[in-house]
Amino acid sequence: MKRTLRLLVVLVFFIMLLSACMVTEEIISTSKKADTDLYYVQIKGTGKLIDNYREYTLKGCDIHGTEKNITFTSSKPNGGPLKENAFLCLYIKKSKDASSPEVVSYEEVKEEQLPQIVKDKLGIR
């Protein structure tokens, strides 16, 4: 009985620890995206390989139709390129120096998720 109780306590402890790690990771991810502007891009080309990263410079557009060229890096295994023609939502840190936007995170989105103004500006029919 005592052995079972100890095992149960250890199991509950590890479950709580794992949950805390997952929540912490989500909080860190969310805090990175706080105070950012969203820009959408479409992957064109394979970018430039630098070490194990790919650097892309693409035309981006926000939900207000503001366009800018954005440079960012991706880190796929073995420096592989991002999927051609994929759409990304870039989280760009708000900064007074608009000439060098810092991309803090990105995620792939489906074409249907793009605002109409973004589709128009990026030439998507």
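Okay, Glu55 and Lys48: their side chains meet in a salt bridge, 4.0 Å from N to O. By salt bridge I mean a side-chain nitrogen of Lys or Arg within 4 Å of a carboxyl oxygen of Asp or Glu. Glu55 is partly exposed, at a relative accessible area of 27%. For that word, the cut-offs are: buried under 20% relative accessible area, exposed over 50%, partly exposed in between, with a 1.4 Å probe and protein chains only.

Quick housekeeping. This is a predicted model, where local features need pLDDT of at least 70 and side-chain atom pairs count only at pLDDT 80 or more, while totals for chains, interfaces and linings use all residues. Residues are numbered from 1 along each chain as its sequence is written, and side-chain values use heavy atoms, with hydrogens and water left out.

So how many salt bridges does the structure hold? Four, and the Glu55 and Lys48 pair is one of them.

Now, over to Glu67. Its side chain meets that of Lys59 in a salt bridge at 3.3 Å, N to O. Glu67 also forms one with Lys121, where the closest N and O atoms are 3.7 Å apart. That second pair links distant parts of the chain: Lys121 sits in helix α2 (residues 116-121) and Glu67 in strand β4 (residues 67-74), 54 residues apart. Helices (H or I, at least four residues) and strands (E, at least two) are DSSP runs here, numbered from the N terminus.

Put together, Lys59, Glu67 and Lys121 are linked in a network of salt bridges. And are these residues buried or exposed? Partly exposed: Lys59 comes in at 39% relative accessible area, Glu67 at 37% and Lys121 at 33%.
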